[in-house]
Amino acid sequence: MALSTQTGSAGSAFPWKYDVFLSFIGEDTRKSFTDHLYDKLQWRGIRTFRDDPHLERGTTISPELLTAIEQSRFAIIVLSPNYATSTWCLLELSKIVRWMEERGRILPIFYEVEPSDVRHQRGSFAEAFEKHEEKFGEDNKEVEGWRECLTKVANFAGWSSKDYRYETELIRDIVQELWSKVRPSLTLFGSSEKLVGMDTKLEEIDVLLDKEANDVRSIGIWGMGGLGKTTLARQVYESVSHQFEVCIFLANVREVSATQGLVHLQKQILSQILKEENVQVWNVYSGITMIKRCFCNKVVLLVLDDVDQPEQLENLVGEKDWFGSGSRIIITTRDRHVLVTYGVEKPYELKGLNEDEALQLFSWKAFRKYVPEEDYAELSKSFVMYAGGLPLALKTLGSYLYQRSPDAWNSALAKLRSTPNKTIFDLLKVSYDGLDEMEKKIFLDITCYSSQRQASFIIELLYSSDICNRIAIEVLVDKSLLTRSQGNQIGIHDLIQEMGCAIVCQESYEEPGGRSRLWLRNDIFHVFTKNTGTEAIEGIMLHLGKLEEADWNLEAFSKMRKLKLLYIHNLRLSLGPKYLPNALIFLNWSWYPSKSLPPAFQPDDLTELSLVHSNIDHLWNGIKYLSKLKSIDLSYSINLTRTPDFTGIPSLERLVLVGCTKLVKIHPSIALLKRLKIWNFRDCKSIKSLPSEVHMEFLETFDVSGCSKLRRIPEFVGQMKRFSKLSLGGSAVEKLPSSFELLSESLVKLDLNGSVKREQPYSYFHQLQNLIESSFGFFPRKSPHPLIPLLASLKHFSCLRELKMNDCNLCEGEIPNDISSLSSLQSLQLRGNNFVSLPASIHLLSKLKHINVRDCKRLQQLPKLPVNRRLHVLADNCTSLQVFPELMRLLEVPLSLSLSLSLSLSHDGSYAGNLSFLD
């Protein structure tokens, strides 16, 4: 049976005090069958009324019994041989039939009697009625009424003891049937509230439960606090519990474990299965033994709600062999790793409500209906957006706003933007409180600073290089404090972020300078204009959307001796700092105002230095020992004239000086940066020379494109197996170094666009087998076909994905026919060349997506093209183009083909621009 949030109509209409009223004659079954049945019904949690044997019996039923019948949802009538001898029982029966007959809530048990004997009053029932007629008269209407009631009850579906070998089997079936009828619902009796967004989740859990499978299975539900994990688990429990022998819902495991211990939780489990209030459990180990003995041969449904430690599962549910086949264990937690550790193969991640569902839930709490009042529609959307699909937040805010004025709503919304709701804050903070100190630090960094930049950027900036911190990020994801998208992007829920920011603000509510982290513009400006900084400040992140100017009192830095992160973007200051804290690990300051770093600045732990668009003309004088520094980025610092001495920074991996147009002097110690991976001097137009050779076995990228005065690049000495990108485009480099041949096997991108190259040996090029992207272009017309050696060896470029040969003065026949050997080619760029046609073998390039022959004014015809559903051909300004083969065939391609041809038919019948075939 699939899970559902729907409830029985009877159950939703009446506040029943009892689930079942038991009617029986004591002399037959009170101390045997009925007593056992009553015990099992009570044990199963079915509220059962059984009359007191000491009640005085008479000719009328006591008011207490009449009330009990009226307050019971079902009646079980145990029809035993002497049942009809009791006028008391027959009076009960009459009342039950009158009260419950129409609702079909009477369940007969034919105990040691035949249903037909009851229906027709034969056997012991005939003897009993003979005595009643002697006592009350043959035509007594009350006696006749008793007969009619027995006949009616005998026609109801029920159980016959003669169909069972053992009474235990009979009682088991009765209890299971009753439980399926009376099992509680998450919807309160008398309430019309529905569980918004629950049906799909229940269907997904139902698949995981796979109740037909005869194995022991664990299902884990995880997600951030307030999502409704407990509600979902409770709904599942109450929907399927009637199918299990033993059902236990163990609530608040985290809290109870922390305050009262695991033994107390073990006692709770044992008390429910043994139906004893004071079960003796001496220690955790004896508790384990007792639980295993009680569960091992039973089909169990056990829910452990809000688990936060693996040892809770180890000591409460242990291994699968603790339970009988068919058992199911459901675990809810905020920590995914708890489930993985226990062995849950596919933890179910509970997501928030979508926008429509969130509006429904909020509206129910705020207006007692599922759509907002017209005057509150826009405000309602604002609160729903704030809640971010979190059911707890939607309920809390909706309930708070119920029957309040629009002014009160506006005031509440404004308050939320500065101070989080306490109920929501306290619930979410539970996950934070469970972190260790390092995890808390990282969490607060991410929550505070990601309000300025994306969480993934903050993680990359602060923690990507430290392996110890990487595991902390995984812990935060597992504990539902961070999210991970399908694209592996790290994110954070708005309310989680708000909670983290509030924790930091509480460090010094009135004065921002007393907080550990600053990220809000007004707070940062306050600290630096009022000079209120303190040693408490460990990080500052200011990311302005556009360039601003300000006058700060930078003496404030002198008090921030523990500052580790300084990130300032798009702020132009008139004066630079005379002092910077030596505790800095990350210094990222665009538009840095000074010409150099402060002379006394000695940040021994600095790992990243970025001063983009700065006023720097040199970083420092002499040698500065910064053994942990891994990255320097001074891009677009147009006053930079010389690099620093690199002798004291042996760990440098990334040196980026893009667009430093006045940079002339490169310190020779750069050649000794053995750990350097990225060397990027793009568009440094004043550089004339570099060291003659470099020893950089880890180098991956060497980019001097746009260095228009640079005529020679260094020889690369040693094994450089990671070298993948060489960019010389727009430089004045006249020849490649002799060591280039040793690099060709690892090279995947080569950019020689616009550079003046002498002819290279053929052997250089045939080894470029891993080349992925190549860019050539703007060869001076006087250069006699410098690409001929390369073009002749195209068959070796099997990994090439993009081939750029724009403005290369290629003439007819210079593109070899074996271009079809480029089996991985996706983009062919041939703009501005002088050929008349292209090789026919192009149609064999099955992966080709783009062909660009714009401005090829001598091109007269195009060959047959590859059949590719996403092929784009750009042929603007091909003024001589006359033949486009199989044009009609192209018009007949399926509509899913996205073919864009920038062609138009000229007056003389040629194609010259703007004809487009689009799906």
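## A walk through the predicted model

Let's start at K440, which, apart from its neighbours within four places in sequence, is in contact (heavy atoms within 4.5 Å) with Y432, D433 and L435. The residue sits in helix 21, residues 437-449. K440 is buried at a relative accessible area of 16%; here buried means under 20% relative accessible area, exposed means over 50%, and partly exposed is in between, with a 1.4 Å probe and protein chains only. Helices (H or I, at least four residues) and strands (E, at least two) are DSSP runs, numbered from the N terminus.

A word on what you're looking at: this is a predicted model, in which local features need pLDDT of at least 70 and side-chain atom pairs count only at pLDDT 80 or more, while totals for chains, interfaces and linings use all residues. Residues are numbered from 1 along each chain as its sequence is written, and side-chain values use heavy atoms, with hydrogens and water left out.

Now go to the strands at the N-terminal end of the numbering. Strands 2-1-3-4-5, in that order, make an open sheet of five with parallel pairing; two strands pair if DSSP finds at least two bridges between them. Strand 2 (48-49) and strand 5 (159-160) are at the edges with a single partner strand each, so each has one side without a neighbour in the sheet. Further in, strand 1 (residues 18-23) runs parallel to strand 3 (residues 72-79), and five bridges join them. If you want a spot to click on, Y18 has S72 as its bridge partner in strand 3.

Helices pack on this sheet too. Helix 7 (residues 141-154) touches strand 3 and strand 4 (106-110), and its direction makes about 90° with that of strand 4. For these angles, axes are lines fitted to C-alpha atoms, for helices over the stretch in contact, and the values run from 0 to 180 degrees between N-to-C directions. Helix 8 (residues 167-182) lies across strand 1, strand 3, strand 4 and strand 5, and runs at about 160° to strand 3.

Next comes another open sheet, with five strands in the order 7-8-9-6-10 and parallel pairing. Its edge strands are strand 7 (246-250) and strand 10 (348-349), each of which pairs on one side only. Six bridges link strand 6 (residues 217-222) and strand 9 (residues 328-333) in the parallel sense, and W222 has T333 as its bridge partner in strand 9. Helix 11 (residues 253-260) lies across strand 7 and strand 8 (300-307), at about 75° to strand 8.

This is a good place to bring in charged pairs. A salt bridge is a side-chain nitrogen of Lys or Arg within 4 Å of a carboxyl oxygen of Asp or Glu, and the structure holds 30 of them. D210, D215, R217 and R328 are linked in a network of salt bridges. K351 and E349 also meet through their side chains in a salt bridge, at 3.4 Å from N to O. Both ends of that pair have some accessible area: K351 is partly exposed at 48%, and E349 is partly exposed at 34%.

On to helix 18 (residues 391-401), where the buried residues are P391, A393, L394, T396, L397, G398 and L401. An α-helix has 3.6 residues a turn, so residues three or four places apart point the same way. The buried residues of helix 18 pack against helix 16 (355-367), helix 17 (377-387), helix 19 (406-416), helix 20 (422-433) and helix 24 (494-505). After helix 18 comes Q403, with a positive phi near 60°.

Later in the chain, N570 is part of strand 15 (residues 565-573). N570 is buried, at 13% relative accessibility. Leaving aside neighbours within four places in sequence, N570 is in contact with L544, G545, K546, L547, E548, S590 and W591.

Two more salt bridges round off the tour. D633 and R654 meet through their side chains at 4.0 Å, N to O. D633 lies in strand 18 (residues 631-633) and R654 in strand 19 (residues 654-656), so the pair ties together parts that are 21 residues apart in sequence. D633 is buried at 11%, whereas R654 is partly exposed at 34%. The side chains of K677 and E653 form a salt bridge as well, at 3.9 Å from N to O. K677 is in the loop between strand 19 and strand 20 (678-680) and E653 in the loop between strand 18 and strand 19, so this pair ties together parts 24 residues apart in sequence. K677 is partly exposed at 26%, and E653 is partly exposed at 24%.
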